[in-house]
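Me: I'm new to reading protein structures and would like some company while I do it. Please take a close look at a single part, then let me see what lies around it.

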Amino acid sequence: MTAPSDLWSDLATKSLRVPPMRELFDNDASRLWKHTIDAAGLVLDASKNRIDDAVLESLFSLARGAGVEARRDAMFAGDKVNVTEGRAALHVALRAPRDAVFTVDGRNVMPDVHAVLDHMETFSEQVRSGAWTGHDGKAITDVVHIGIGGSDLGPRFVCAALRSYQNARPSVHFVANVDAHALDGVLADVARPFEAATTLFIVASKTFTTAETMMNAHSARAWALAGGVPEAQLHRHFVAVSTNTEAVRAFGIDTKNMFAFWDWVGGRYSLWSAIGLPIALACGMARFRELLAGAHAMDTHFANAPLEANMPVRLALLGILNANVLGARSVCIAPYHQHLELLPAHLQQLEMESNGKSVTLAGLPVAHATVPVLWGQPGTNAQHAYFQCLHQGTEWAPIDFIAVMAPAHAHPEHQRALLANCFAQSEALMNGKTQDVARAELIAAGASEVEAERLAPHKTFPGNRPSNTIVLARLDPSSLGALIALYEHKVMVQGTIWNIDSFDQWGVELGKMLAKTIVDELESGALGTHDASTRALIERARNPSPSPSPP
């Protein structure tokens with residue numbers, strides 16, 4: 001369903017009438033509470049946005065006109081909301097309790113989901129306790145997870161975020177890039193203090209044919225064999241997250257150690273499934289279940305809260321306002337917690353792979369811009385990099401600040417400084433500083449009238465630049481699960497309003513297909529039909545020294 005054009009027009013008209021945010025706060029003592037939502041252990045302060053009551057009402061009308069509630073309900077019902085592939089997108093079932101009912105094609109999938117979770121629990125406890133050993137009876141000290149895309153970035157991010165909950169053993173590593181510098185770096189780390197005999201590999205590929213993953217997996221297999229693992233004992237050192245039983249068996253993995261997932265689980269939504277096995281190995285299955293429970297709490301909120309009090313809906317609608325009405329071309333993610341350093345990368349895949357589309361569900365050109373570019377890094381590092389542009393540049397970007405109140409360290413002075421910077425940045429972006437104020441400050445600091453007049457324009461900040469602040473009491477498995485699910489549902493709401501399929505990813509395929517052709521040409525020496533630039537690059541790869549001669 002596409003929202004009627006008059007709803008978009010009404011939103012644009014009302015947005016032009018919104019006073020600066022400073023005035024909105026001055027004129028409405030209740031503004032903070034109107035724009036604060038508490039759900040699933042998170043707090044969203046959305047008050048520093050260019051909205052008033054009229055704009056907010058228009059945004060909710062837009063959401064209803066686009067059928068957000070109906071599409072949300074269809075997703076939870078297991079309908080095939082991934083229309084181009086004819087699949088459900090039922091990642092919410094992966095974090096639902098055992099007695100819940102979620103159906104796909106009329107079949108309750110929950111027994112299968114929890115059978116896999118139980119399998120993960122048994123296996124992870126064996127590895128973590130030392131009961132699972134390598135071929136020569138030594139306990140596993142290192143786990144290397146081999147995947148790519150959603151089979152890598154989700155669990156990699158969660159393991160980094162929950163490092164405070166991990167034991168010394170096993171140490172979990174990740175390899176995704178087909179660039180062998182990545183694999184060699186990890187293997188060097190596990191080989192120096194340890195050896196192949198104490199290393200366990202997880203190969204994560206639904207089809208067990210993903211080109212980058214399988215190339216890395218076969219190189220890891222060769223490394224293990226060269227390191228003394230007998231071929232007949234490879235099953236002690238390799239497990240699989242896959243559905244391709246024959247390929248897994250042919251690789252040398254015991255299919256009893258194959259962890260299943262389903263085609264209604266998209267890669268970027270798969271960390272909640274057996275793809276999350278490295279999380280269970282790193283943090284323990286109890287922590288993994290807490291992660292699932294936090295996400296489920298956000299699912300419950302999203303499914304039941306009215307639009308006006310719905311945190312994912314509010315976050316999505318503010319993004320629509322900024323991108324489609326106010327003209328923001330990117331979004332900055334600024335987590336003020338070092339352990340969330342991979343959050344921007346995870347959200348890049350989640351949002352840009354989901355909503356980086358240019359045709360509607362019906363295959364027609366979209367009428368509006370879709371997902372903006374996401375970027376960011378942890379504060380306070382970011383403040384010394386690109387915040388200059390955010391405060392005074394001609395390109396502005398809305399910012400999501402992520403603040404964690406309780407640290408996992410014992411340095412309260414650091415935490416005070418960190419939070420002070422987080423809060424100050426959002427305040428400064430909103431308030432800015434006028435040239436008159438800048439001039440007065442310079443004079444008060446001892447500058448002459450002439451000097452103050454010269455420098456004041458350089459110390460002026462336009463302000464009125466929007467941001468959200470998402471507050472976590474602490475960074476634990478539950479709050480992290482809720483945070484990730486919040487953004488997952490934001491993606492679904494925005495995709496519905498843009499009338500696109502948020503759950504397919506055809507744009508990933510074209511380059512992969514062409515790459516396969518070029519790999520064959522680099523190996524064989526043959527050269528197919530290419531443009532002049534691509535031909536020259538292939539020839540340079542074959543013979544790096546000479547430069548191609550002009551015709």
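Reply: Let's start with the largest pocket, where helix α21 gives the most to the lining, with 7 residues. Please keep in mind that this is a predicted model. The volume of the largest pocket is about 1600 Å³. Its lining counts 50 residues, and T210, Q505, V508, E509 and K512 are the closest to its centre. Besides α21 (509-524), the helices α10 (211-226) and α15 (343-355) each supply at least two lining residues.

Now let's turn to the sheet. It is an open one of 5 strands, in the order β6-β5-β7-β8-β9, with parallel pairing. At its edges stand β6 and β9 (258-259), each with a single partner strand, so one side of each has no neighbour in the sheet. As general background, the strands of a sheet pair through backbone hydrogen bonds, either parallel or antiparallel.

Let's take the strands one pair at a time. Strand β5 (residues 142-146) pairs with β6 (residues 171-175) in the parallel sense, over 5 bridges. If you want to find this pairing on your screen, look for V144, which stands opposite H173 in β6. Together with helix α8 (residues 153-161), the strands β5 and β6 make a right-handed β-α-β unit. In the loop between α8 and β6 you will find A168. A168 counts as exposed, because its relative accessibility is 77% and the cut-off for exposed is over 50%. To get a feel for the scale, compare A168 with I253: they are 85 residues apart in sequence, and their C-alpha atoms are 26 Å apart in space.

β5 also pairs with β7 (residues 199-204), again in the parallel sense and over 5 bridges. Here V143 has L200 in β7 as its bridge partner. Moving along the sheet, β7 runs parallel to β8 (residues 238-241), and 4 bridges join the two. One place to see this is A204, whose bridge partner in β8 is V241.

How well is β5 covered? In this strand, 5 of 5 residues are buried. In a regular strand the side chains alternate between the two faces of the sheet. For β5, D142, V144 and I146 are on one side, V143 and H145 are on the other, and all of them are buried, so both faces are covered.

Next come the nonpolar cores. In soluble globular proteins, nonpolar side chains tend to be buried together. The largest nonpolar core here has 121 residues, and the ones that touch the most other members are F102, M120, W264, L480 and I497. Helix α20 (residues 477-498) gives the most to this core, with 12 residues. V144, which you met in β5, belongs instead to a second, separate core of 23 residues that also includes V190, A217 and F238.

Back in the largest core, M120 makes a good place to zoom in. Setting aside neighbours within four places in sequence, its contacts are F259, S273, A274, G276, L277, A280, M285 and F288.

Helix α20 also helps cover another helix, α5 (residues 68-76). The buried residues of α5 are V68, R71, R72, A74, M75 and F76. What covers them includes α20, along with α4 (53-65), α6 (91-94) and α13 (285-304). Just after α5, G78 takes a positive phi of about 85°. A little further on, N82 is found in the loop between α5 and α6. N82 is buried, because its relative accessible area is 3% and the cut-off for buried is under 20%. Not counting residues up to four places away in sequence, N82 touches R87, D501, F503 and D504.

Finally, there are enclosed spaces to look at too. The count comes to 2 cavities of 30 Å³ or more. The largest cavity has a volume of about 140 Å³. It is lined by 18 residues, and G319, N322, V331, P398 and K490 lie nearest its centre. Helix α20 turns up here once more: it gives two or more residues to this lining, as do α14 (311-325), β10 (330-336) and β12 (399-406). The largest share, 5 residues, comes from α14.

Terms used: Residues are numbered from 1 along each chain as its sequence is written. This is a predicted model: local features need pLDDT of at least 70, side-chain atom pairs count only at pLDDT 80 or more; totals for chains, interfaces and linings use all residues. Side-chain values use heavy atoms; hydrogens and water are left out. A nonpolar core is a set of buried Ala, Val, Leu, Ile, Met, Phe, Trp, Tyr and Cys residues joined through side-chain atoms within 4.5 Å. Buried means under 20% relative accessible area, exposed over 50%, partly exposed in between (1.4 Å probe, protein chains only). Contact means heavy atoms within 4.5 Å. Two strands pair if DSSP finds at least two bridges between them. A crossover is right-handed if, with the strands pointing away from the viewer, the path from the first strand over the helix to the second runs clockwise. On a 1 Å grid over the protein atoms alone, a cavity is a set of points where a 1.4 Å probe fits but cannot get out, and a pocket is an open set with protein on both sides within 12 Å along at least five of seven lines; lining residues have an atom within 4 Å of a point. Grid points are joined across faces, edges and corners, and a volume is the space filled by probe spheres set on the points.
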